[in-house]
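User: I'm new to this structure and would like a close look at one part of it. Could you pick a place where two helices meet, then walk me outwards from there?

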Amino acid sequence: MQSEAPPPDAYRAPVGTHDVLPPESARWEALVAAFAARARRFGYGLVMTPAYEHVEVFQRVGEGTDVVRKEMYEFEDKGGRRLALRPEGTAPVVRAYIQHRPTPPWKVWYLSPHFRHEKAQKGRYRQHHQLGAEVLGVDDPALDVEVISLAQGFLSSLGLSRFRLAINSLGDGQCRPGYLEALRAYLRAHESELCADSRARYETNPLRVLDCKDPGCVAVTERAPQLLEHLCADCKSHFEAVQAGLDAIGVAHEIAPRLVRGLDYYTRTTFEFASEALDSAQNALGGGGRYDRLAEEMGGPPSPGIGFGIGIERVLIACDAEAVLPAPAPHLDAFVVDAVGPTGVGGDPLGAAGVEVTALLAELRETGLSADRAYGGRSVRAQTKVADRSGARYVVLVGRAEMERGAVAVRDMDSGEQVEVPRNRVVAWLHEHCNPSLRDTTHRELGR
Ligand code: HAM
(Lines give C-alpha, C1' and ligand atoms only; values in the text may rest on other atoms or scores of the structure.)
Protein backbone atom coordinates (compact mmCIF):
# COMPACT_ATOMS: atom_id res chain seq x y z
CA MET A 1 0.00 0.00 0.00
CA GLN A 2 1.34 3.43 -0.96
CA SER A 3 1.33 6.12 1.74
CA GLU A 4 -0.39 9.38 0.79
CA ALA A 5 1.85 12.28 -0.28
CA PRO A 6 2.06 14.95 2.45
CA PRO A 7 0.27 18.26 1.70
CA PRO A 8 2.59 20.87 0.13
CA ASP A 9 2.78 22.91 3.34
CA ALA A 10 3.35 19.93 5.66
CA TYR A 11 6.94 20.90 6.39
CA ARG A 12 6.27 24.59 6.97
CA ALA A 13 5.44 26.15 10.35
CA PRO A 14 1.62 26.05 10.73
CA VAL A 15 -0.37 29.20 9.84
CA GLY A 16 -0.21 31.74 12.64
CA THR A 17 3.05 30.37 14.11
CA HIS A 18 6.60 31.42 13.37
CA ASP A 19 10.19 30.39 13.90
CA VAL A 20 12.52 32.78 15.70
CA LEU A 21 16.04 32.50 14.34
CA PRO A 22 19.33 34.32 14.94
CA PRO A 23 20.00 37.24 14.67
CA GLU A 24 16.34 38.17 15.43
CA SER A 25 16.36 35.78 18.41
CA ALA A 26 19.05 37.96 20.03
CA ARG A 27 16.34 40.64 20.43
CA TRP A 28 14.17 38.09 22.23
CA GLU A 29 17.08 37.26 24.53
CA ALA A 30 17.62 40.95 25.27
CA LEU A 31 13.93 41.54 25.90
CA VAL A 32 13.49 38.55 28.21
CA ALA A 33 16.71 39.34 30.10
CA ALA A 34 15.58 42.95 30.63
CA PHE A 35 12.19 41.80 31.92
CA ALA A 36 13.70 39.11 34.16
CA ALA A 37 16.15 41.59 35.69
CA ARG A 38 13.40 44.14 36.30
CA ALA A 39 11.01 41.54 37.79
CA ARG A 40 13.81 40.35 40.10
CA ARG A 41 14.39 43.93 41.28
CA PHE A 42 10.67 44.18 42.09
CA GLY A 43 10.81 40.94 44.12
CA TYR A 44 9.14 38.56 41.63
CA GLY A 45 10.20 34.92 41.13
CA LEU A 46 9.89 32.92 37.93
CA VAL A 47 6.89 30.58 37.65
CA MET A 48 6.49 27.91 34.98
CA THR A 49 3.21 26.09 34.39
CA PRO A 50 2.36 23.42 31.80
CA ALA A 51 1.55 24.40 28.20
CA TYR A 52 -1.81 22.64 28.63
CA GLU A 53 -4.29 22.37 31.48
CA HIS A 54 -7.63 20.69 32.12
CA VAL A 55 -10.22 22.72 30.19
CA GLU A 56 -11.99 23.62 33.45
CA VAL A 57 -9.04 25.88 34.40
CA PHE A 58 -9.96 28.25 31.59
CA GLN A 59 -13.73 28.20 32.03
CA ARG A 60 -13.71 31.21 34.35
CA VAL A 61 -11.63 33.17 31.83
CA GLY A 62 -14.53 32.74 30.63
CA GLU A 63 -17.41 31.33 28.69
CA GLY A 64 -18.55 34.65 27.21
CA THR A 65 -15.20 35.55 25.65
CA ASP A 66 -13.85 34.88 22.17
CA VAL A 67 -10.63 33.59 23.73
CA VAL A 68 -12.45 30.66 25.36
CA ARG A 69 -15.61 30.34 23.25
CA LYS A 70 -14.05 30.45 19.79
CA GLU A 71 -10.29 30.35 19.92
CA MET A 72 -9.21 27.77 22.48
CA TYR A 73 -7.28 24.72 21.25
CA GLU A 74 -9.12 21.92 23.05
CA PHE A 75 -8.38 18.25 22.70
CA GLU A 76 -8.95 14.92 24.37
CA ASP A 77 -5.83 13.01 25.39
CA LYS A 78 -5.41 9.25 25.10
CA GLY A 79 -6.84 8.87 28.62
CA GLY A 80 -10.05 10.66 27.62
CA ARG A 81 -9.35 13.89 29.62
CA ARG A 82 -10.43 17.19 28.07
CA LEU A 83 -7.39 19.45 27.90
CA ALA A 84 -6.68 22.88 26.41
CA LEU A 85 -3.50 24.55 25.24
CA ARG A 86 -2.96 27.62 27.41
CA PRO A 87 -4.76 30.58 25.73
CA GLU A 88 -3.63 32.98 28.49
CA GLY A 89 -1.35 32.93 31.51
CA THR A 90 -3.40 34.05 34.51
CA ALA A 91 -5.71 31.08 35.09
CA PRO A 92 -2.81 28.54 35.15
CA VAL A 93 -0.92 30.69 37.69
CA VAL A 94 -4.02 30.93 39.88
CA ARG A 95 -4.48 27.14 39.54
CA ALA A 96 -0.86 26.67 40.67
CA TYR A 97 -1.41 29.06 43.60
CA ILE A 98 -4.46 27.11 44.75
CA GLN A 99 -2.65 23.79 44.30
CA HIS A 100 0.58 24.72 46.13
CA ARG A 101 -0.69 27.29 48.66
CA PRO A 102 2.45 29.46 48.79
CA THR A 103 2.63 32.18 51.43
CA PRO A 104 0.95 35.36 50.17
CA PRO A 105 1.73 37.77 48.71
CA TRP A 106 2.90 35.46 45.95
CA LYS A 107 4.75 37.54 43.34
CA VAL A 108 5.66 35.70 40.14
CA TRP A 109 6.61 36.42 36.54
CA TYR A 110 6.52 34.22 33.46
CA LEU A 111 7.47 33.88 29.84
CA SER A 112 5.21 31.52 27.97
CA PRO A 113 3.69 30.67 24.61
CA HIS A 114 -0.08 31.17 24.34
CA PHE A 115 -2.41 29.54 21.84
CA ARG A 116 -5.48 31.16 20.30
CA HIS A 117 -7.09 30.09 17.03
CA GLU A 118 -7.38 33.63 15.69
CA LYS A 119 -7.51 34.94 12.14
CA ALA A 120 -3.75 35.09 11.61
CA GLN A 121 -2.31 38.41 10.42
CA LYS A 122 0.62 40.67 11.26
CA GLY A 123 0.67 41.14 15.03
CA ARG A 124 -2.02 38.52 15.60
CA TYR A 125 -0.83 34.94 15.80
CA ARG A 126 -2.16 31.53 16.78
CA GLN A 127 0.88 31.02 18.98
CA HIS A 128 2.10 34.22 20.59
CA HIS A 129 4.40 34.77 23.56
CA GLN A 130 3.80 36.83 26.67
CA LEU A 131 5.96 38.17 29.42
CA GLY A 132 3.68 38.44 32.39
CA ALA A 133 3.50 38.97 36.13
CA GLU A 134 0.89 38.01 38.71
CA VAL A 135 0.54 38.73 42.42
CA LEU A 136 -1.86 36.78 44.61
CA GLY A 137 -3.07 37.36 48.12
CA VAL A 138 -3.15 41.17 48.49
CA ASP A 139 -5.72 43.79 47.47
CA ASP A 140 -3.67 46.86 48.43
CA PRO A 141 -3.91 49.58 45.72
CA ALA A 142 -0.15 50.14 46.20
CA LEU A 143 0.28 46.75 44.57
CA ASP A 144 -1.74 47.85 41.52
CA VAL A 145 0.73 50.74 41.23
CA GLU A 146 3.70 48.38 41.55
CA VAL A 147 2.37 45.98 38.91
CA ILE A 148 1.53 48.75 36.46
CA SER A 149 4.92 50.40 36.91
CA LEU A 150 6.68 47.05 36.46
CA ALA A 151 5.13 46.83 33.00
CA GLN A 152 5.36 50.51 32.11
CA GLY A 153 9.04 50.83 33.08
CA PHE A 154 9.88 47.68 31.14
CA LEU A 155 8.39 49.08 27.93
CA SER A 156 10.21 52.39 28.48
CA SER A 157 13.50 50.61 29.19
CA LEU A 158 13.41 49.14 25.68
CA GLY A 159 13.43 52.68 24.30
CA LEU A 160 9.70 52.76 23.46
CA SER A 161 8.11 56.15 24.02
CA ARG A 162 5.06 56.26 21.76
CA PHE A 163 2.65 54.29 23.91
CA ARG A 164 -0.17 55.24 26.25
CA LEU A 165 -1.39 53.68 29.46
CA ALA A 166 -5.18 53.54 29.86
CA ILE A 167 -6.73 52.57 33.19
CA ASN A 168 -10.26 51.88 34.36
CA SER A 169 -12.09 50.26 37.25
CA LEU A 170 -14.61 47.48 36.67
CA GLY A 171 -15.99 47.59 40.21
CA ASP A 172 -16.63 44.53 42.35
CA GLY A 173 -19.39 42.19 43.51
CA GLN A 174 -20.96 45.12 45.41
CA CYS A 175 -21.35 47.67 42.66
CA ARG A 176 -21.01 45.80 39.38
CA PRO A 177 -24.39 43.93 39.42
CA GLY A 178 -26.27 47.24 39.65
CA TYR A 179 -24.22 48.69 36.83
CA LEU A 180 -24.72 45.60 34.65
CA GLU A 181 -28.50 45.92 35.11
CA ALA A 182 -28.37 49.58 34.02
CA LEU A 183 -26.16 48.67 31.04
CA ARG A 184 -28.44 45.78 30.02
CA ALA A 185 -31.50 48.02 30.14
CA TYR A 186 -29.71 50.60 27.99
CA LEU A 187 -28.58 47.96 25.45
CA ARG A 188 -32.06 46.42 25.36
CA ALA A 189 -33.43 49.81 24.34
CA HIS A 190 -30.85 49.96 21.51
CA GLU A 191 -30.89 46.27 20.56
CA SER A 192 -31.66 46.87 16.87
CA GLU A 193 -28.46 48.98 16.49
CA LEU A 194 -26.17 46.22 17.83
CA CYS A 195 -24.27 43.65 15.74
CA ALA A 196 -25.54 40.04 15.78
CA ASP A 197 -22.81 38.90 18.18
CA SER A 198 -23.59 41.63 20.71
CA ARG A 199 -27.34 41.03 20.40
CA ALA A 200 -26.72 37.38 21.25
CA ARG A 201 -24.68 38.08 24.38
CA TYR A 202 -25.67 41.40 25.89
CA GLU A 203 -28.14 39.77 28.29
CA THR A 204 -25.59 37.31 29.68
CA ASN A 205 -22.44 39.41 29.31
CA PRO A 206 -23.19 43.07 28.60
CA LEU A 207 -19.59 44.20 29.29
CA ARG A 208 -18.43 42.38 26.14
CA VAL A 209 -20.52 44.82 24.08
CA LEU A 210 -18.37 47.69 25.38
CA ASP A 211 -15.39 45.82 23.88
CA CYS A 212 -17.04 45.20 20.48
CA LYS A 213 -15.31 46.90 17.53
CA ASP A 214 -18.44 46.93 15.30
CA PRO A 215 -19.15 50.60 14.36
CA GLY A 216 -22.85 50.25 15.33
CA CYS A 217 -21.93 48.89 18.77
CA VAL A 218 -19.24 51.56 19.23
CA ALA A 219 -21.84 54.29 18.46
CA VAL A 220 -24.37 52.81 20.89
CA THR A 221 -21.90 52.25 23.72
CA GLU A 222 -20.46 55.76 23.47
CA ARG A 223 -23.63 56.98 25.18
CA ALA A 224 -24.01 53.96 27.49
CA PRO A 225 -23.95 54.34 31.30
CA GLN A 226 -20.39 54.29 32.64
CA LEU A 227 -19.12 51.98 35.34
CA LEU A 228 -17.03 54.69 36.97
CA GLU A 229 -20.27 56.50 37.84
CA HIS A 230 -21.59 53.37 39.56
CA LEU A 231 -18.56 52.44 41.69
CA CYS A 232 -19.23 51.72 45.38
CA ALA A 233 -17.28 53.67 48.00
CA ASP A 234 -14.61 50.95 48.41
CA CYS A 235 -13.97 50.59 44.67
CA LYS A 236 -13.96 54.35 44.25
CA SER A 237 -11.35 54.90 46.96
CA HIS A 238 -9.27 51.97 45.65
CA PHE A 239 -9.26 53.48 42.17
CA GLU A 240 -8.40 56.95 43.52
CA ALA A 241 -5.50 55.47 45.49
CA VAL A 242 -4.18 53.76 42.35
CA GLN A 243 -4.29 57.03 40.42
CA ALA A 244 -2.61 58.93 43.24
CA GLY A 245 0.12 56.26 43.42
CA LEU A 246 0.77 56.42 39.69
CA ASP A 247 0.94 60.22 39.90
CA ALA A 248 3.37 59.98 42.82
CA ILE A 249 5.86 57.91 40.79
CA GLY A 250 5.31 59.84 37.58
CA VAL A 251 3.57 57.13 35.55
CA ALA A 252 1.44 58.97 32.98
CA HIS A 253 -2.00 57.44 32.51
CA GLU A 254 -5.42 58.28 31.20
CA ILE A 255 -8.82 57.10 32.43
CA ALA A 256 -10.63 54.98 29.84
CA PRO A 257 -14.18 54.35 31.12
CA ARG A 258 -14.94 51.83 28.34
CA LEU A 259 -11.85 49.70 28.86
CA VAL A 260 -13.21 46.26 29.80
CA ARG A 261 -10.54 43.90 28.35
CA GLY A 262 -11.26 40.65 26.54
CA LEU A 263 -11.39 38.26 29.50
CA ASP A 264 -14.15 37.80 32.08
CA TYR A 265 -12.28 37.54 35.36
CA TYR A 266 -11.43 41.21 35.92
CA THR A 267 -12.58 43.26 38.92
CA ARG A 268 -11.61 46.79 39.93
CA THR A 269 -8.40 48.07 38.25
CA THR A 270 -7.88 47.19 34.58
CA PHE A 271 -5.23 48.67 32.31
CA GLU A 272 -3.82 48.47 28.82
CA PHE A 273 -0.74 49.79 27.03
CA ALA A 274 -1.49 50.87 23.45
CA SER A 275 1.21 51.78 20.95
CA GLU A 276 0.64 54.88 18.87
CA ALA A 277 3.15 53.54 16.36
CA LEU A 278 0.96 50.53 15.43
CA ASP A 279 -2.27 49.93 13.57
CA SER A 280 -5.23 50.33 15.93
CA ALA A 281 -6.38 46.70 15.40
CA GLN A 282 -3.11 45.31 16.84
CA ASN A 283 -1.84 48.18 18.96
CA ALA A 284 -2.27 46.54 22.39
CA LEU A 285 1.25 45.93 23.69
CA GLY A 286 -0.03 44.45 26.91
CA GLY A 287 -2.71 44.70 29.52
CA GLY A 288 -4.00 43.33 32.74
CA GLY A 289 -5.86 44.07 35.90
CA ARG A 290 -7.28 42.74 39.15
CA TYR A 291 -9.08 39.43 39.38
CA ASP A 292 -10.04 39.40 43.05
CA ARG A 293 -12.61 36.59 42.74
CA LEU A 294 -10.88 34.23 40.33
CA ALA A 295 -9.15 32.02 42.92
CA GLU A 296 -12.44 31.52 44.76
CA GLU A 297 -14.30 30.83 41.54
CA MET A 298 -11.72 28.16 40.76
CA GLY A 299 -12.41 26.42 44.08
CA GLY A 300 -9.58 28.02 46.07
CA PRO A 301 -9.53 30.25 49.15
CA PRO A 302 -10.56 33.90 48.66
CA SER A 303 -7.35 35.47 47.31
CA PRO A 304 -7.29 38.77 45.49
CA GLY A 305 -4.95 38.95 42.52
CA ILE A 306 -3.55 41.32 39.93
CA GLY A 307 -1.26 40.95 36.94
CA PHE A 308 -0.56 41.70 33.30
CA GLY A 309 0.62 40.09 30.10
CA ILE A 310 2.81 41.79 27.50
CA GLY A 311 2.87 40.40 23.95
CA ILE A 312 6.50 39.90 22.88
CA GLU A 313 5.73 39.86 19.14
CA ARG A 314 3.70 43.08 19.46
CA VAL A 315 6.44 44.79 21.45
CA LEU A 316 9.02 43.86 18.80
CA ILE A 317 6.81 45.24 16.02
CA ALA A 318 6.45 48.45 18.05
CA CYS A 319 10.25 48.54 18.52
CA ASP A 320 10.65 48.26 14.72
CA ALA A 321 8.13 51.06 14.22
CA GLU A 322 10.00 53.29 16.70
CA ALA A 323 13.44 52.12 15.44
CA VAL A 324 14.60 50.98 18.88
CA LEU A 325 16.11 47.69 20.12
CA PRO A 326 17.83 46.67 16.87
CA ALA A 327 19.16 43.12 16.58
CA PRO A 328 22.66 43.32 18.05
CA ALA A 329 25.44 42.62 15.53
CA PRO A 330 26.91 39.13 15.95
CA HIS A 331 29.73 39.30 18.44
CA LEU A 332 32.63 37.05 19.37
CA ASP A 333 35.71 37.89 21.39
CA ALA A 334 37.95 35.54 19.45
CA PHE A 335 37.98 33.25 16.45
CA VAL A 336 40.69 30.58 16.46
CA VAL A 337 42.16 29.55 13.09
CA ASP A 338 44.26 26.46 12.32
CA ALA A 339 46.82 28.33 10.22
CA VAL A 340 48.68 25.14 9.30
CA GLY A 341 45.78 23.92 7.23
CA PRO A 342 43.57 20.88 7.04
CA THR A 343 46.18 18.15 6.67
CA GLY A 344 47.96 19.10 9.88
CA VAL A 345 51.48 18.31 10.92
CA GLY A 346 53.16 14.92 10.98
CA GLY A 347 50.32 12.88 9.55
CA ASP A 348 48.28 13.07 12.76
CA PRO A 349 44.62 13.03 11.52
CA LEU A 350 43.75 16.09 13.65
CA GLY A 351 47.17 17.72 13.27
CA ALA A 352 49.12 19.32 16.11
CA ALA A 353 47.73 22.74 15.16
CA GLY A 354 44.20 21.29 15.07
CA VAL A 355 44.66 19.87 18.59
CA GLU A 356 46.02 23.22 19.72
CA VAL A 357 42.98 25.02 18.25
CA THR A 358 40.66 22.65 20.17
CA ALA A 359 42.59 23.16 23.43
CA LEU A 360 42.86 26.94 23.14
CA LEU A 361 39.19 27.31 22.19
CA ALA A 362 38.14 25.28 25.23
CA GLU A 363 40.32 27.45 27.52
CA LEU A 364 38.88 30.66 26.11
CA ARG A 365 35.28 29.50 26.46
CA GLU A 366 35.68 27.97 29.92
CA THR A 367 37.26 31.16 31.24
CA GLY A 368 34.33 33.27 30.04
CA LEU A 369 35.25 34.58 26.60
CA SER A 370 33.04 34.02 23.58
CA ALA A 371 35.05 32.15 20.98
CA ASP A 372 34.50 29.99 17.93
CA ARG A 373 36.31 28.19 15.11
CA ALA A 374 35.59 26.70 11.68
CA TYR A 375 34.88 23.01 11.23
CA GLY A 376 35.18 20.50 8.44
CA GLY A 377 38.90 20.69 7.54
CA ARG A 378 38.58 24.03 5.73
CA SER A 379 41.56 25.76 4.13
CA VAL A 380 43.23 28.63 6.01
CA ARG A 381 41.66 31.09 3.53
CA ALA A 382 38.19 29.64 4.05
CA GLN A 383 38.62 29.71 7.86
CA THR A 384 39.69 33.36 7.71
CA LYS A 385 36.56 34.21 5.70
CA VAL A 386 34.36 32.58 8.36
CA ALA A 387 36.30 34.52 11.01
CA ASP A 388 35.58 37.79 9.13
CA ARG A 389 31.85 37.03 8.97
CA SER A 390 31.71 36.02 12.64
CA GLY A 391 32.23 39.61 13.82
CA ALA A 392 35.10 38.43 16.09
CA ARG A 393 37.15 41.14 17.76
CA TYR A 394 40.38 39.09 17.51
CA VAL A 395 41.50 36.23 15.30
CA VAL A 396 44.02 33.88 16.89
CA LEU A 397 46.19 32.12 14.30
CA VAL A 398 47.80 28.86 15.37
CA GLY A 399 50.68 28.64 12.84
CA ARG A 400 53.60 26.25 12.46
CA ALA A 401 56.38 28.83 13.00
CA GLU A 402 54.62 30.40 16.00
CA MET A 403 54.01 26.97 17.54
CA GLU A 404 57.69 26.20 17.28
CA ARG A 405 58.35 29.41 19.25
CA GLY A 406 55.64 28.51 21.82
CA ALA A 407 53.43 31.36 20.62
CA VAL A 408 50.33 32.27 18.57
CA ALA A 409 49.57 35.26 16.34
CA VAL A 410 46.69 37.53 17.37
CA ARG A 411 45.09 39.82 14.78
CA ASP A 412 42.98 42.81 15.81
CA MET A 413 40.07 42.71 13.37
CA ASP A 414 39.32 46.43 13.74
CA SER A 415 42.83 47.76 13.07
CA GLY A 416 44.26 44.77 11.13
CA GLU A 417 47.33 44.89 13.42
CA GLN A 418 48.92 41.53 14.27
CA VAL A 419 51.05 40.69 17.29
CA GLU A 420 52.72 37.54 18.54
CA VAL A 421 51.70 36.46 22.05
CA PRO A 422 53.24 33.58 24.05
CA ARG A 423 50.85 30.63 24.08
CA ASN A 424 50.81 30.52 27.89
CA ARG A 425 49.86 34.25 28.00
CA VAL A 426 47.28 34.42 25.23
CA VAL A 427 44.18 33.63 27.33
CA ALA A 428 45.05 36.36 29.86
CA TRP A 429 45.97 38.72 26.99
CA LEU A 430 42.55 38.25 25.37
CA HIS A 431 40.77 38.73 28.70
CA GLU A 432 42.61 42.02 29.22
CA HIS A 433 41.78 43.23 25.73
CA CYS A 434 38.17 42.03 25.47
CA ASN A 435 36.87 43.00 28.91
CA PRO A 436 34.09 40.42 28.76
CA SER A 437 32.38 41.52 31.97
CA LEU A 438 31.40 44.79 30.33
CA ARG A 439 30.30 43.13 27.10
CA ASP A 440 28.15 40.54 28.87
CA THR A 441 26.08 43.10 30.70
CA THR A 442 25.24 45.26 27.69
CA HIS A 443 22.12 43.33 26.73
CA ARG A 444 21.42 41.31 29.82
CA GLU A 445 21.04 44.38 32.00
CA LEU A 446 19.20 46.49 29.46
CA GLY A 447 16.45 47.20 31.96
CA ARG A 448 18.95 48.18 34.68
P1 HAM B 1 -4.57 39.71 26.78
O2 HAM B 1 -4.91 41.16 26.65
O3 HAM B 1 -5.51 38.74 26.17
O4 HAM B 1 -4.41 39.44 28.33
O5 HAM B 1 -3.12 39.45 26.19
C6 HAM B 1 -2.02 40.20 26.63
C7 HAM B 1 -1.21 40.71 25.44
O8 HAM B 1 -0.80 39.59 24.64
C9 HAM B 1 -1.98 41.59 24.47
O10 HAM B 1 -1.99 42.93 24.92
C11 HAM B 1 -1.14 41.44 23.20
O12 HAM B 1 0.02 42.25 23.27
C13 HAM B 1 -0.69 39.99 23.28
N14 HAM B 1 -1.56 39.12 22.45
C15 HAM B 1 -2.78 38.63 22.76
N16 HAM B 1 -3.25 37.87 21.75
C17 HAM B 1 -2.31 37.90 20.78
C18 HAM B 1 -2.20 37.29 19.49
N19 HAM B 1 -3.14 36.52 18.98
N20 HAM B 1 -1.08 37.54 18.75
C21 HAM B 1 -0.09 38.33 19.25
N22 HAM B 1 -0.13 38.91 20.47
C23 HAM B 1 -1.23 38.70 21.22
C24 HAM B 1 -4.12 38.24 28.88
O25 HAM B 1 -3.80 37.26 28.25
C26 HAM B 1 -4.17 38.26 30.39
N27 HAM B 1 -3.80 36.93 30.90
C28 HAM B 1 -3.28 39.34 30.96
C29 HAM B 1 -3.33 39.38 32.44
C30 HAM B 1 -2.44 38.87 33.29
N31 HAM B 1 -4.31 39.89 33.16
C32 HAM B 1 -4.04 39.71 34.45
N33 HAM B 1 -2.92 39.09 34.52
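Analyst: Let's start where α1 meets helix α12 (residues 312–322): their axes come within 11 Å and cross at roughly 110°. That makes α1 roughly perpendicular to α12. One thing to keep in mind throughout is that this is a predicted model.

Which residues do the touching? On the α1 side they are Glu 24, Arg 27, Trp 28, Leu 31 and Val 32, and on the α12 side they are Ile 312, Glu 313, Val 315, Leu 316, Cys 319 and Asp 320. Sorted by class, this contact of α1 with α12 has seven nonpolar residues, four charged ones and no polar ones. As background, an α-helix has 3.6 residues a turn, so residues three or four places apart point the same way.

Now step from the helix pair to the sheet. Eight strands make up an open sheet with mixed pairing, and their order is β1-β5-β6-β11-β10-β9-β7-β8. β1 (45–46) and β8 (254–255) are at the edges with a single partner strand each, so one side of each has no neighbour in the sheet. Helix α1 (residues 24–41) packs on this sheet, where it touches β5 (106–115), β6 and β11, and its direction makes about 5° with that of β6.

Two of the strands that α1 touches are also partners. Strand β6 (residues 127–136) and strand β11 (residues 305–311) run antiparallel and are joined by seven bridges. To find one of these pairings in the viewer, look for Val 135, whose bridge partner in β11 is Ile 306.

Another helix to look for here is α5 (residues 141–157). Helix α5 lies across β5, β6, β7 (163–169), β9 (267–275), β10 (284–290) and β11, and runs at about 10° to β11.

Strand β9 is worth a pause, and the residue to click on is Arg 268, which lies in that strand. Is Arg 268 buried or exposed? Arg 268 has a relative accessible area of 11%, so it counts as buried. Leaving aside residues up to four places away in sequence, Arg 268 touches Asn 168, Ser 169, Leu 170, Gly 171, Asp 172, Asp 234, Cys 235, His 238, Arg 290 and Asp 292.

Next, have a look at helix α4 (residues 90–100), which is mostly covered, with nine of its eleven residues buried. Among the buried ones are Pro 92, Val 94, Arg 95 and Tyr 97. What covers them? The cover over the buried residues of α4 includes β2 (52–54), α2 (56–59), β5, β6 and α11, and we've already met β5 and β6 as strands that α1 touches. Just after α4 comes Arg 101, with a positive phi of about 50°.

From that cover, follow α11. Helix α11 (residues 294–297) contains Glu 297, a partly exposed residue with a relative accessible area of 33%. Glu 297 and Arg 60 are 237 residues apart in sequence, yet their C-alpha atoms are 7.2 Å apart in space.

Now zoom out a bit. The protein chain is divided into domain 1 (24–175 + 231–321) and domain 2 (332–446). Taken over C-alpha atoms, the centres of domain 1 and domain 2 are separated by 47 Å.

In domain 2, a handy place to begin is strand β12 (residues 332–338), where seven of its seven residues are buried. β12 pairs with β14 in the parallel sense over six bridges, and Val 336 stands opposite Val 396 in β14. β12 also pairs in the parallel sense with strand β13 (residues 371–373), this time over three bridges. Here the bridge partner of Ala 334 is Ala 371 in β13.

Carry on from β14 and you reach β15. Strand β14 (residues 392–398) and β15 run antiparallel and are joined by four bridges, with Asp 412 in β15 as the bridge partner of Tyr 394. Strand β15 (residues 407–412) has five of its six residues buried, so the rest of the structure largely encloses it. β15 is also joined to strand β16 (residues 418–422), running antiparallel over five bridges, and Val 408 has Val 421 in β16 as its bridge partner. The hairpin of β15 and β16 has five residues between the strands, and in it Gly 416 takes a positive phi near 80°.

Terms used:
Residues numbered from 1 in each chain as written. Predicted model: local features only at pLDDT ≥ 70, side-chain atom pairs only at ≥ 80, totals over all residues. Heavy atoms only, no water. Pairing = 2+ DSSP bridges. Contact = heavy atoms within 4.5 Å. Axes fitted to C-alpha atoms, helices over the stretch in contact; angles between N-to-C directions. Buried < 20%, exposed > 50% of the residue type's maximum accessible area, 1.4 Å probe, protein only. Parallel < 35°, antiparallel > 145°, perpendicular 65-115°, else oblique. Nonpolar A, V, L, I, M, F, W, Y, C, P; charged D, E, K, R; others polar. Domains from an automatic or database assignment.
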